[in-house]
Amino acid sequence: MAPALTVSGVRKAYGPVQALRGVDLEVGTGEVFGLLGPNGAGKSTLVKIACGLVRASAGSVWICAEPAGSARAQASLGYLAELFRFPDWSSADELLALHQRLAGSAGGARERHELLELVELSDVSGRRVGAMSKGMQQRLGIAQALIGAPRLLLLDEPTSALDPAGRRTVRTLLERLRERGVSVLLNSHLLSEVELVCDRVAIIDHGLVVAAGSPTELSRPGGVEVETARGVRRYPDARRDDVPRIVRELVAAGEEVFQVGMLTSTLEDAYLEAVGRAPPATHDVPDEAVA
Amino acid sequence: MSPLGELRAALIVARFALRESLRRRVFVVVGLLTVVFLALYGLATWQASKAEDDFGPNEFGVDTGTVVGATLAGLAMFVILFLGTILAVFLTLGAVRGDAERGLLQPLLVRPLRRRTLLLGRWLGATAVCAPYVMAVALAAFGLTAALGDWWPDRTLTPLLTLAFGVAIIAALSLAGSIALASTANGIAVFMLFGAGLTAGLLGQIAEALDSGSLSDVAKIASWALPFEALYQAGLADLTADTVGFERLAIDLGPFGGAETASAGLWLYSVAYLAVLGAGAVAGFNRRDI
């Protein structure tokens, strides 16, 4: 099966400003792919090119083997923009019905009910958009993006207006979509969320992919930290296998060891390093303690 | 997408635009304003008719009833075109750039919907509101003129159609402008175009009064560049199509643009104008990043 999204050598210039300078990436079927980067890095531009809202200056983008912007590509994707609004006079149900008609979805009232239930809005299906909170509108936006069972979902900051419970709802939803084989390109600033839900991540900065891989691959080992009576000792090059030896040597040297922790960088560290901002040295993750 | 599928999608967009007009109570506001206008128009017609009766038969043999009726109906046509223009502009001024800036357009454009289909749908939606509106109000104004002033235009259908076609062109101009201009700038630009059309009509009158060929040429070029003005002039002319003499002259040199009898060429030209305007708008929209 063709990848859900293939981006090849995409460049985009807005006058003298180079928003994208040759981006390549691929999102496989059923993969949740995170797109990270600072403001102005080119993430939203890339998503908009994939949606056909913005024309690339060079390169190509394919949605399920169809050129981005074509009717077939549009039929395969769902999109939630970072800055979106729905007509405030329309009810949630009316809005979804409009998108069903435009998408050619035959799902009818059943699909609308299922989608509203999925985003926990089924009890307010008749409420006007204007009377909904921003978080409710964002969840309605996700339901709208899922009309017609798209193969690829492009979500640009989908949880920016959501409270923690709403974010968890979206995370659960993304996991369910992955199980159904739906691919997701998630553009988010919430690194913890991306780390929790994404299979792979690309970090974009100044229009280029500066790092890519799974969150685990991007998070590097950072050594070993040992808490002794004389203070904390760090062994930056040590690995897990070195822990017994380190503890043995310290005890042999008369040190009292209270705790040993493996140090790993978080996705945040990897992100900050990739975009050229100095990350804090490391975060310790207590792994094992030695009395 | 097949042409039939595209038309179907355009009708979905048009229906949505119509529903928006209903929900936003556009019709209620416009309806109230229209009632006020018609009430004032009726009052003016009644007063003018009374004044005309007070004069009695005049020594020059001028049918003052026709002069008063045709002048008032011409005035009504101008006001109705203006009201229709306001409606057309407000329904379309932010259709592309304005809606894109507010984030309303993006969810629609990522559907399997061509940009030209969206434009067509928005134009159909606006025209479906404005064209029947101007026709209905003009008919009501003619009815008032008949009831209170005892005068009915020589032609009924063509003045109504010229108004309807005129506002359809204005809606298309506003829609095309919305691709490049922000809402406020577009609204101002379209009203300035409307004013330019009116000026062209006035220039034509002055040219006729002064017998100035060059001024007349300028007026003609301007009214063809903005064919809603040429259509309006044709509609005015049809009010007194079968009238001759001073009565005819009175409406020809009316206060809001001279009447100018049009041939079938004007209708064909207007259709071609819409088609070219539409093609240009689609080309501009297709090149635009949202």
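A residue counts as buried here if 20 or more other C-beta atoms lie within 10 Å of its own. Keep that cut-off in mind as you click around this predicted model.

**Stop 1: a glycine in chain B**

Select B:Gly204. You'll find B:Gly204 in helix α8 (residues 183-210) of chain B. Is B:Gly204 buried or exposed? With 26 other C-beta atoms within 10 Å, B:Gly204 is buried, because the cut-off is 20 or more. Now add B:Ala48 to the selection and draw a distance. These two residues are 156 residues apart along the chain, and their C-alpha atoms are separated by 27 Å.

**Stop 2: a helix further along chain B**

Next, pick residues 264-287 of chain B, which make up helix α12. Its 24 residues reach 35 Å from the first C-alpha to the last, close to the 34 Å expected at 1.5 Å a residue. Show side chains for B:Leu266, B:Ser270, B:Tyr273, B:Ala281 and B:Phe285: these are the buried residues of α12(B). What do they pack against? Colour α6 (115-149), α7 (157-180) and α10 (227-239) of chain B, and you have the helices that the buried residues of α12(B) pack against.

**Stop 3: the largest nonpolar core**

Stay with α6(B) for a moment. The largest nonpolar core has 161 residues, and α6(B) supplies the largest share of this core, 17 residues. Domain 1 (5-216) and domain 2 (219-288) of chain A both give residues to the core as well, so it lies between them.

Which residues touch the most other members of this core? Those are B:Val134 and B:Ala171. Centre the view on B:Val134. Leaving aside neighbours within four places in sequence, B:Val134 is in contact with B:Ile80, B:Leu81, B:Gly84, B:Leu163, B:Ala164 and B:Val167.

Apart from the big core there is another one, of five residues; to spot it, select A:Val224, A:Ala238, A:Val260 and A:Leu263, which are among them.

**Stop 4: where the chains meet**

Show both chains together. The contact between them takes 20 residues from chain B and 23 residues from chain A. On the side of chain B that touches chain A, α1 (3-23) and α5 (106-109) of chain B are the elements that give two or more residues. α1(B) gives the most, with five residues. Colour this side of chain B by class and you should count 12 nonpolar, two polar and six charged residues.

**Stop 5: chain A as a whole**

Hide chain B. Chain A has 10 helices and 14 strands, and its C-alpha trace spans about 75 × 45 × 35 Å along the principal axes. Of its 291 residues, 42% count as buried.

Colour chain A by its domain assignment: domain 1 is 5-216 and domain 2 is 219-288. The C-alpha centres of the two domains lie 38 Å apart. Where they touch, 12 residues of domain 1 are in contact with seven residues of domain 2. On the domain 1 side, the elements giving two or more residues are α7 (191-197), β9, β10 (208-213) and α8 (215-218) of chain A. α7(A) makes up the largest share of that side, three residues. By class, the domain 1 side has eight nonpolar, two polar and two charged residues.

**Stop 6: a buried strand**

Zoom in on residues 32-36 of chain A, strand β3. Five of its five residues are buried, so β3(A) is largely enclosed by the rest of the structure. In a regular strand, side chains alternate between the two faces of the sheet. Here A:Val32, A:Gly34 and A:Leu36 are on one side, with A:Phe33 and A:Leu35 on the other, and both faces are covered.

Now add the partner strands. Four bridges join β3(A) to the parallel strand β8 (residues 183-187) of chain A, where A:Val32 stands opposite A:Val184. Four bridges also join β3(A) to β9 (residues 200-205) of chain A, again running parallel. In β9(A), look for A:Ile203, the bridge partner of A:Leu36.

**Stop 7: a hairpin to finish**

Last, select strands β1 (residues 5-14) and β2 (residues 17-27) of chain A. They run antiparallel and are joined by eight bridges; for one pair, find A:Lys12 opposite A:Leu20 in β2(A). The two strands form a hairpin with two residues between them. Click on A:Gly15 in the turn: this glycine has a positive phi of about 65°.

Key: Residues are numbered from 1 along each chain as its sequence is written. Chains are lettered from A and ligands numbered from 1 in the order in which they are written. This is a predicted model: local features need pLDDT of at least 70, side-chain atom pairs count only at pLDDT 80 or more; totals for chains, interfaces and linings use all residues. Two residues are in contact if their C-beta atoms, placed from the backbone, lie within 7 Å. Ala, Val, Leu, Ile, Met, Phe, Trp, Tyr, Cys and Pro count as nonpolar, Asp, Glu, Lys and Arg as charged, and the others, Gly among them, as polar. The expected span of a helix is 1.5 Å times one less than its number of residues. A residue is buried if 20 or more other C-beta atoms lie within 10 Å of its own, exposed if 12 or fewer, and partly exposed in between; C-beta atoms are placed from the backbone. A nonpolar core is a set of buried Ala, Val, Leu, Ile, Met, Phe, Trp, Tyr and Cys residues joined through C-beta atoms within 7 Å. Domain bounds come from an automatic or database domain assignment. Two strands pair if DSSP finds at least two bridges between them.
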